[in-house]
Every structure is written in structure tokens, then in C-alpha cells.
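Visitor: I'm new to this structure, and I'd like a close look at just one part of it. Could you take me to the enclosed space inside and show me what surrounds it?

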Amino acid sequence: MSIKPWMTLSSALSLFVLGACASSQTAVTPATSTQTAADANRIEAHMTFLADDALEGRDTGSQGHLIASQYIATNFKQLGLKPAGDIVNGQPGYFQKMNLKKGQLVKHSAGLTLHHKGVDTVVPYPKHFITRSSSHDGKVDVKAELVFVGYGMVSPEFGIDDYAGLDVKGKIIVMLPGRPHKLPSEEAAHLSSQKTRLAVERGAIGIISVHTPEAEKTRPYANSLLYLNSPDLSWVNKDGVAEKDYPAIKVSAYLHMDAAKALFADAPQSLEQIYAMLEKKEVPKGFALPTSASLTRESSHSMIQSQNVAAILEGSDPVLKNEYVVVTAHSDHIGIGNDLRSKDKINNGLMDNAAGVAILLETARLYTESAVKPKRSILFVAVTGEEKGLLGADYFAHYPVKPIESLVANVNLDMPVLLYPFADMVAFGANHSTLGATVGRATAKHGIKLSADPMPEQAIFTRSDHYTLVKKGVPAVFLMTGFTSKDPAQKGGEIWGKFFAKHYHKPTDDVAGLTKDFGAIRYDSGALFADINMAIIEEIANTEQRPQWLKESFFGKTIGLKINTQK
């Protein structure tokens, strides 16, 4: 799961009080249930193989991840699922391959100098600023004027235009991270993802983001230094162009608060005044800055390849079989680490996300062994590169193996924490479409409560693979174990929080590490999760009307496919 270090242990442990899902929409219940029972032993077998040291953490583009992909494809073939990947020798295969451009910042190439009233101030790297590699350029040296654009957001729906009255053409914009507090978190996260595009459309050539006191509380500047030497990956489109960032943005930087103050010298407002406004939850307006900046960096590039794995269970209805319920789980993890404090360097990713892939494979088995086939087809996709920025899912969303308008819904499985007998589940995005009611009925069939998003401020709905299809207008939910336990002796929220604090993205997210710390891995909970997952898909696949965005949902109103939005 690519949620990064944005959550603290204290916030993870504050997730105990969960609301009930408010959706009450009714749907046509399938006449015949295909529900069988998932097998905990099969869940265990898949998880232990995928998280074995032999796969070396399944890093995107690695041999270990290729082995994982081959394992998934072999299981699909054994189950009799039809391959849905690239055409090879005139026949479809299970792999959807993609080329990835690997960028690395050349050592000692990063430089930032501020120019104000004839005085040049060198900002030390990485103590007071950091930058990443470019997906497009090698060596870059840019000097330009600076313009402060507030949060750098534009949204007619919320009456926001941070660029109003500002000329940023040929200039470097300076922006705040995050969002205005008045915006709902998920909508704000979506709008934040558009910031670079908005800057490009207005002619900017660089972006400087300024660290804030609020950001320091949730993600200290020092945490960013842990990722300085990690490479950047971008998928390459059919024209050979890397898709991660925009060629027009030549330079970018993230500034420590101490260095950022100098940007606002003799400006209409000082940085201290802007921080004071943020403390009061006020939104600062943009203005031209009297300081200019020179930014330099050099990037080296190489090419690697990775793959999604895609397979289809064909539907039984002559018409509806041409529509697809997409089930996704990411098969990659973060590979071999460099933490000198640990002898074990392999980040196995047992929960993140061998567990999700195991549930996907077991769901596929349940359907292939069922006597009654679903009316719609089911498209199973194990995606790569989630930990590198949702790369495989984004590639699939841009180049879907079936027409995008035929994809009726996406059910995404990412990091179910199978360490306690969960009594509730969370479906991120349930409040945006009729899928929320569908999930609620499926969980109820198995005596499990559907809880509301326990951490809406974190905008989890925009942080995993399903979001790439959401941006194409496809309704989606992201399923995760809830934070309550059936066993009164086990506090699910505390266990989840402890896992996140001690094992997430660490070598101890493996069988030995989790068994030692928690006593047992609940493969039976994984089987229950698979049963519920199947029930969700069953209703989507057999209900005449395809899932719909709720008419009041921001995503339905702005990006939902017309055929998927309530009138």
C-alpha cells in the first residue's frame, strides 16, 4: 500500500470509533447465489510464496517481481481464466507489459540560488531544499522570476482560482502543499493531484513547494531525506514519452521553512504572516515575489520493464458479458532496503500486498469452481508499480485491455491486515457511488459491519490503484479490514496501529516477523475477506443496472462516465 509516512502511530490508534455506512440504496438481488467457501490454506499458500525471501521483496522491474507475476499468471491459467494481456504471436497472453523510464538524480548536481537586490544566497542541498530527477531532461539550468500562487488550485465547483490576476508564464511558481481547510479531503486530494497540470497550462517552467508548520507536524522535513537516493520511475506511453511529469516543468524543489523565508523578503506578505493565516485556516492570495531563483539539476536515465497480469472470467449473459467488473490488487512491494540497523534487508510485503493478491486469486478460484457463472464478465488484474506511484494501474487506465466504457466498476484489494478476526470492513469510496450499498449488503451476509471511512482527513480513496480508474470515470471501492475485532481480548485498532508503526514497509512484514509480534497470522480472516469480496462482485456482476456515481458526488459530477452517473 502506497500510503507513505503520512500517518503517525497516534493517528492510527485513534481509529476506534467508526460510523455506519449511510447509504441505503436498494439493488436487484441475484436470483441464484454463486457463493461457496474460501479456503484459508490456499490463502496461506499464496501469501507465503509471494512473501518469500526468494522473491526479494518484489520490487517493480526486478526478477523477484517477474517471478511473482509468473506465479499469478500460472494460477490464472490453471483456473481456466482467459488471458487478457498483450497479443503475442497472434494470441493474447496474461502479461500486459510496460516500459518504465528510471530516473536518478546525479550526485552533487542539485543547486538552488536566490537572487534579491543584487545579493545571491545559496540554499544548501539537502539540508534546506530537495529535488528529484526529471523524467525528460538531462542537465538543466534555469533562472526565472518567482510568483507565489497560494495552494496553486483551480476549481469552478468550489469557487477557487489561485491564479486569478497572476502572470506565471516563463516563471517559477511558489506554492503551499496541501489544501484549504474548507475543502473536503478526498475532493481536495484530487484537486491537489492537478496542481502541476494547472501550472503547465498557465506557462510556468518550474515549481517550488514550501514546507509549512502544519506539514512538519504530520511529515517532518527530515523524513523526506530518507528517500533522497531512491530512483524515480515513469511509465512510457506508445510515443515513447514518460508520463510521470510534464516536460514544460524544467525544475522543481521542496524548501525547508528556514530557507523559504528568504523567498518572501520585501514581498507584500512575509512567510510568517502567511503561516499565521494558515494557523487561522485562512487562504492566502497570490502575488509576484521580488526574488528570483536559479535552479540546476542533472538526471541520468535508463529503461526497465515490468508487467500487469490480466485474466477474464467470461460472463454468461449474451449482452452483459461484454461489460466487466474489474478486480485489482498490486503485486509489487519495495524490494531490498538499505537500513544499516537491520541485518534483514528484504522487505517481503506479506500484508502489503501478498495478502491482497492472495484474496484476488482465491476469489478467482471460487468463481471458476462455481456451478453458476456471473452475468457480467470479471476482469482480474494484478498491477505492478503501486509503490512507485500507481504506475501499473495508471498504465492500465490509459491502455485498458477492454474499452473503458465497458468497465462498470473496480473493486481494489490493498493491504488487508490479517492479524485479528476482523468484525468490520472499510470500503473507501463507498460514499461516492452505489457500490457503498452493495458492499454493505455483502458484509451483512457474513455478519460483518461496514464502517464509514475512519480517517477521511487522509483521503485514502485517492491513494491506491483504483484511483487511476476513478479519474477515468469508473466507480470504485478500495476494501480494507476494519479496526474492530470479534475477539474481545484483541483490540483490532491497536493491532492495526502496531502493524503500521512497526512493520509497514519494513523487513518484518513477513511470516516470521508478524508471527513473533502478534502470535498468529489469521489466514482464516483472509478466507472471510475473499468470501465477502466474492459476494460484492456477485451483486455487481448480476444486477441489471451497472453501478452509478451518486448525483451529489464530486467525482460523479466532474469526471464520472455519463453512463455511470445518476440522473
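Guide: Here is a walk around the cavity, followed by a few stops elsewhere along the chain.

Keep in mind as we go that this is a predicted model. Search the whole structure and you find one cavity of 30 Å³ or more. The space in this largest cavity comes to about 40 Å³.

Who lines the largest cavity? The residues around it are Thr328, Val383, Ala393, Phe396, Asn410, Asp465, His466, Thr468 and Leu469. Two elements, α11 (391–398) and α13 (466–470), give two or more residues each to that lining. The largest share belongs to α13, with three residues. As for chemistry, the lining is made up of four nonpolar residues, four polar ones and one charged one.

Now pick out Asn410 from that lining and follow it into its strand. Asparagine 410 sits in β18, where it is the bridge partner of valine 326. The strand β18 covers residues 407–413, and seven of its seven residues are buried, so the rest of the structure largely encloses it. To count as buried, a residue needs a relative accessible area under 20%.

What does β18 pair with? One partner is strand β16 (residues 324–330), which pairs with β18 in the parallel sense over six bridges. Another is strand β21 (residues 476–481), also running parallel to β18 and joined to it by four bridges. If you want a spot to look for on that side, find valine 411, which stands opposite valine 477 in β21.

Next, a helix that is also well worth finding. Helix α10 runs over residues 350–368, and 19 of its 19 residues are buried, so the rest of the structure largely encloses this helix. From first C-alpha to last, α10 reaches 25 Å, close to the 27 Å expected at 1.5 Å a residue. There is a detail to spot inside α10: asparagine 353 has its place in this helix, and the peptide bond leading to asparagine 353 from aspartate 352 is cis, with omega near 5°. Another cis peptide bond goes from tyrosine 125 to proline 126, with omega near 0°. Proline 126 belongs to the loop between β6 (119–123) and β7 (129–130).

From there, head over to arginine 297, found in strand β15 (residues 287–313). Is arginine 297 buried or exposed? Its relative accessible area is 5%, so arginine 297 is buried. The side chain of arginine 297 reaches the backbone oxygen of arginine 132 at 2.7 Å. A polar atom of that same arginine 297 side chain lies 3.2 Å from the backbone oxygen of lysine 250.

To finish, here are some residues on the exposed side. Lysine 117 is in the loop between β5 (111–116) and β6, and at 68% relative accessibility it counts as exposed. Lysine 117 also has a positive phi of about 55°, although it is not a glycine. Aspartate 266, in the loop between α8 (257–260) and α9 (271–279), has a positive phi too, near 60°. At 53% relative accessibility, aspartate 266 counts as exposed. Glutamine 63 lies in helix α3 (residues 63–78) and is exposed, with a relative accessible area of 56%. Glutamine 63 and threonine 462 are 399 residues apart along the chain, and 29 Å separates their C-alpha atoms.

Methods. Residues numbered from 1 in each chain as written. Predicted model: local features only at pLDDT ≥ 70, side-chain atom pairs only at ≥ 80, totals over all residues. Heavy atoms only, no water. 1 Å grid on protein atoms, 1.4 Å probe; cavity = no way out; pocket = protein on both sides within 12 Å on 5 of 7 lines; lining within 4 Å. Points joined across faces, edges and corners; volume = space filled by probe spheres on them. Nonpolar A, V, L, I, M, F, W, Y, C, P; charged D, E, K, R; others polar. Buried < 20%, exposed > 50% of the residue type's maximum accessible area, 1.4 Å probe, protein only. Pairing = 2+ DSSP bridges. Polar contact = N/O pair within 3.5 Å; in protein donor to acceptor, adjacent residues only side chain to side chain. Expected span 1.5 Å × (residues − 1).
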